[in-house]
Amino acid sequence: MCGIMGYVGPAEAAPILIDGLQRLEYRGYDSAGIAVHDGSVVTIRKAEGKLERLVALLAESPPSGSTGIGHTRWATHGPPTDFNAHPHTDPAGDIAVVHNGIIENFLALREELGEKGSRFTSDTDTEILAHLIADEYEEDLLEAVRRAVRRAEGAYALVAMSRKEPGRIVAVRMISPLIIGLGEGETFLASDIPAILHRTRRILVIENGEIVDITADGVRIETLAGAPVARETLEISWNAEQAEKGGYPHFMIKEIFEQPDVITETLSGRIRGSSDVALEGVGFPEGFVAGLDKIWITACGTAYHAGLVGKEIFERKLRIPVDVVYAHELRYRDPIIRPNSLTIAISQSGETADTLAAAELAKGRGSRLLAITNVVGSTLSRISDDVLYTRAGPEIAVASTKAYLAMLIGEYLLTVRMGRDLGRYTDAESAEMIDGLRHLPQAAEEVLGRSEDIARLAEGFAGADDVYFLGRGVDYAVAMEGSLKMKEISYIHSEAMPAGELKHGTLALVTRGTPVVTVLTQRYVYDKTVSAIMEVKARGAHTIAVAYDDDGNAAKHADEVVRIPRVPDSLSPVLSAIPLQLLAYYVAVARGHDIDQPRNLAKSVTVE
Ligand code: F6R
């Protein structure tokens, strides 16, 4: 999710690289750097923090050269520091690389290269790539990169240049996006179209598994196996603002559609074989999990709703009692938090004031503190004993979507890790869970493929005054999130409740035409939840159910059924949340609201 920029041509590369990186900076990054080749020397400049720090550094000593690569980093391996910023080089400084994504076998490669004498100057997986390419280099950068990437597993985009080959850049796409811009006697490369749109509208999109040889005269694309690729040039008609949103009208919908990739990223490198999970950053001492007698989860808003799903899955599988408490409540209680407990603080930003205060309180009472957060180096990550990064990439829309899904994935991974420690997962059971997790990106794609059905459904909500969301167990947790999404961007009053609670009061509010959305995925309470649909239907409600593709019953009870692919019931929240995000989005669009910056709300609540 980092920003990449490259240039080969007649002009000075540094200002072009910086300009491109500035156009990607709206997404928020933590460090930046460039490498520029002047025909004999490669000069590298990099700096932690906002791009302006790098710009100041360049002003002091501007590097010259007309081939260059640049990068803005969203940290994944290692905190945002000068030495972790890209570009990275091999020890001789011959190969410079920038990279986006994750190298899954990074530890194994680091060891292998270390045994051959490599010494590393950063914590990143990127530096390994520079060493690997140098290891494979025999006077042809393209072939060296081709051989190096055969040794690197993961989802990434890689861009390299060699001191020995001025005027040439080689890039590879393995899932993470890369595009080429064709100019007159100059060629551009970027991770995202907005970086170069003002320079050229003639774009080549690089596909997965392709390697590109870039010079000022143009590009040659091949598959990694060496077959030449003919790629049609696209003429982009978007304006700059549309380009920032990848052609989507709003960041929120762009981020909703990024979710299959986010699931892949969050799982990446963490699955070991067919049945185990390894979580870098989570280092429970020997016997810690077996000695636990309580798990606390604390968070706010959407992150709290992710915590509610966590409670259901942790308790069911680990058989350890879990309390989920809003951080703003926990911090002012006198909670009975004891040392043999684990507190999981969940926060996209890692900077929410209430969550930080609750986390500090738990830690102060002797609990081990584990953060699930999206921002490397955030305050929460720094005060925690263990950190599980969610890797959703920068989330710009105020209404959180992809960060929520990534939090759920983090919780599933943690369940398998802790369940294995406790002996509560046989190999077969964890293999089943891992297989289910691996299948989720494809299943999420299928749900997104049905977005037009949700857009049509949303038309019936636009005039509603109240909406209700129902469910039981994890379905209730998802209903809570669906309801929050609906209220924060559509401004329609919305409530979520456990399906069984309705008849204890709220049913009085249900009148003819009131939309009631029921999440209906949990077999163990299926009939009970259907009863709630019948209750509201009898009062004239317009009933919508979110149910599996193969649930033939749902349509007999609900007026409309939104379908999701069949997955094990424990994993259904990852899919059932998506139609609810889409529903809120399309309702808000129909009502003409500011989608990405809803009234009265801020992305990060750093005050009490
Ligand atoms: C809702 C939303 C908020 C945040 C909450 C916590 O869409 O984004 O409810 O979830 O403010 O923020 P983080 O996760 O940054 O602690």
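Reader: How do I read the ligand's polar neighbours, say the backbone of Gln-348?

Author: Look for a polar contact, a pair of N or O atoms within 3.5 Å; within protein, one must be able to donate a hydrogen and the other to accept it, and residues adjacent in sequence count only if both atoms are side-chain atoms. Here a polar backbone atom of Gln-348 sits 2.6 Å from an oxygen atom of the ligand. On the side-chain front, an N or O atom of Thr-352 is 2.5 Å from a ligand oxygen, and a polar atom of Lys-485 is 3.0 Å from one.

Reader: And how much of the ligand does the protein bury?

Author: The protein buries 90% of the 400 Å² that the ligand exposes when taken alone; areas come from the Shrake-Rupley method with a 1.4 Å probe, and for residues only the protein chains shown count as cover. Helix 9 (301–318) and helix 16 (474–490) are the elements that give two or more residues to the shell. Helices (H or I, at least four residues) and strands (E, at least two) are DSSP runs, numbered from the N terminus.

Reader: Before we go on, what kind of model is this?

Author: It's a predicted one, where local features need pLDDT of at least 70 and side-chain atom pairs count only at pLDDT 80 or more, while totals for chains, interfaces and linings use all residues. Residues are numbered from 1 along each chain as its sequence is written, and side-chain values use heavy atoms, with hydrogens and water left out.

Reader: Fine. Which residues surround the ligand?

Author: A residue belongs there if one of its heavy atoms lies within 4 Å of the ligand. There are 14 of them, and the closest are Ser-347, Gln-348, Ser-349, Thr-352 and Glu-488. By class you get five nonpolar, seven polar and two charged residues; Ala, Val, Leu, Ile, Met, Phe, Trp, Tyr, Cys and Pro count as nonpolar, Asp, Glu, Lys and Arg as charged, and the others, Gly among them, as polar.

Reader: Now the sheets. In what order do the strands of the eight-stranded one run?

Author: Strands of a sheet pair through backbone hydrogen bonds, either parallel or antiparallel. DSSP has to find at least two bridges between two strands for them to pair. In this open sheet the order is 3-2-4-1-10-9-11-15, with antiparallel pairing. Strand 3 (42–48) and strand 15 (234–235) each have a single partner strand, so one side of each has no neighbour in the sheet. Inside it, strand 9 (179–182) and strand 11 (202–205) share three bridges, and Ile-179 faces Val-205 across that pair. Helix 1 (13–22) packs on the sheet, touching strands 1, 2, 4 and 10, and makes about 150° with strand 1. Touching means heavy atoms within 4.5 Å, and the angles, from 0 to 180 degrees, compare N-to-C directions of lines fitted to C-alpha atoms, for helices over the stretch in contact.

Reader: What about the five-stranded sheet: parallel or antiparallel?

Author: Parallel, in the order 24-23-25-26-27, and also open. Strand 24 (493–498) and strand 27 (560–564) are its edges, pairing on one side only. From one strand to the next the twist averages 20°. Helix 16 packs on this sheet against strands 23, 24 and 25, at about 175° to strand 24. Remember that helix 16 also gives residues to the ligand shell.

Reader: Which partners does the side chain of Arg-151 have?

Author: Arg-151, in helix 5 (141–151), makes polar contacts with the side chains of Asp-135 at 3.1 Å and Glu-136 at 2.8 Å. Among the other residues it touches are Asn-105, Leu-109 and Leu-132.

Reader: Where should I look for a cis peptide bond?

Author: Go to His-86 and Pro-87, where omega is about 0°. Pro-87 is in the loop between strand 4 and strand 5 (88–89).

Conventions. Lists of a residue's contacts leave out its neighbours within four places in sequence.
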